[in-house]
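The following note is offered to a reader new to this structure. It treats the packing of two helices and then a group of aromatic rings.

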Amino acid sequence: MNRQPKKRIISRVSWNNRLSFPDLLNAWEQEGLDREFEIVIIEDKPDPGFYRSGDVVLFSFMTPDLPVIYDEVRAIKERWKSDVLLVAGGPHVTGEQELAFQMGFDVLFVGPAERNFVRFGRDLLDGKAAVFAKEKTVFRAEPGHLDSAEFNRFLPVSRYFATVPPLEIMRGCFWHCRYCSTHLHDVVYR
């Protein structure tokens, strides 16, 4: 029996986003989704030739990371066109979706992403990667999307990471500064 290789899910980890991916992968691990994919963690910017057709590359970034992310995404898109699915989340994407699409991302996560990341994994298993590549898709966390019970369920622990990040005690912010997108969702506590 010829079994197709598993789709690679590549987490592009940097110093600024290293706390995001263990949470997301923990959500997949709890649902058993991680067993359906080849999970790859990369910390250094690879040559665009590292990627393969059908790869899903995950980015999470803040605005100060924009120039580096832009160059990397552009290089991937130039080489792979729509054969590599580019996915983005994080504070910058939450505040500026249109620019993320202009940069070349195919799928965006806006706001807390744990629940939507599980939905995204199931959609990939259902063969929707080609649809995502053609239609710009936004997984948007609605207000109340992440309540305290669900926040407690998803821990920043993943078998794919050698280290355990600090435990996030509170997510969100009460101050509502106009330049920041953290306040767009309710504050929740563990």
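1. Helix 1 and helix 5 are oblique to each other, since their angle falls in none of the other classes (under 35 degrees roughly parallel, over 145 roughly antiparallel, 65 to 115 roughly perpendicular). Helix 1 spans residues 20-31 and helix 5 residues 114-125; they pack at about 55°, with their axes 9 Å apart. The crossing is right-handed.

2. The contact (heavy atoms within 4.5 Å) involves Asp23, Leu24, Ala27, Trp28 and Glu31 of helix 1, and Glu114, Phe117, Val118, Phe120, Gly121, Arg122 and Leu124 of helix 5. These residues comprise seven nonpolar, one polar and four charged.

3. The model is predicted: local features require pLDDT of at least 70 and side-chain atom pairs pLDDT 80 or more, while totals for chains, interfaces and linings use all residues. Residues are numbered from 1 along each chain as its sequence is written, and side-chain values use heavy atoms, without hydrogens and water.

4. There are 12 aromatic pairs (ring centres within 6.5 Å; planes under 30 degrees apart are stacked, over 60 edge-to-face, the rest tilted). Phe109 and Phe117 form an edge-to-face pair, 5.9 Å centre to centre with 65° between the planes. Phe109 counts as buried (under 20% relative accessible area, 1.4 Å probe, protein chains only) at 5% relative accessibility, and Phe117 counts as buried at 2%.

5. Phe109 and Phe139 are stacked, because their ring centres lie 5.0 Å apart and their planes are at 10°. This pair joins strand 5 (residues 107-110) to strand 6 (residues 137-140), across 30 residues. Phe139 is also buried, as is Phe109.

6. Ring pairs connect Trp28, Phe37, Phe109, Phe117, Phe120, Phe132 and Phe139 into a cluster.

Methods. Axes are lines fitted to C-alpha atoms, for helices over the stretch in contact, and angles run from 0 to 180 degrees between N-to-C directions. Helices (H or I, at least four residues) and strands (E, at least two) are DSSP runs, numbered from the N terminus. A crossing is left-handed if the near helix is turned anticlockwise from the far one by less than a right angle, and right-handed if clockwise. Ala, Val, Leu, Ile, Met, Phe, Trp, Tyr, Cys and Pro count as nonpolar, Asp, Glu, Lys and Arg as charged, and the others, Gly among them, as polar. Rings of Phe, Tyr and Trp (its six-membered ring) pair if their centres lie within 6.5 Å; planes under 30 degrees apart count as stacked, over 60 as edge-to-face and the rest as tilted. Buried means under 20% relative accessible area, exposed over 50%, partly exposed in between (1.4 Å probe, protein chains only).
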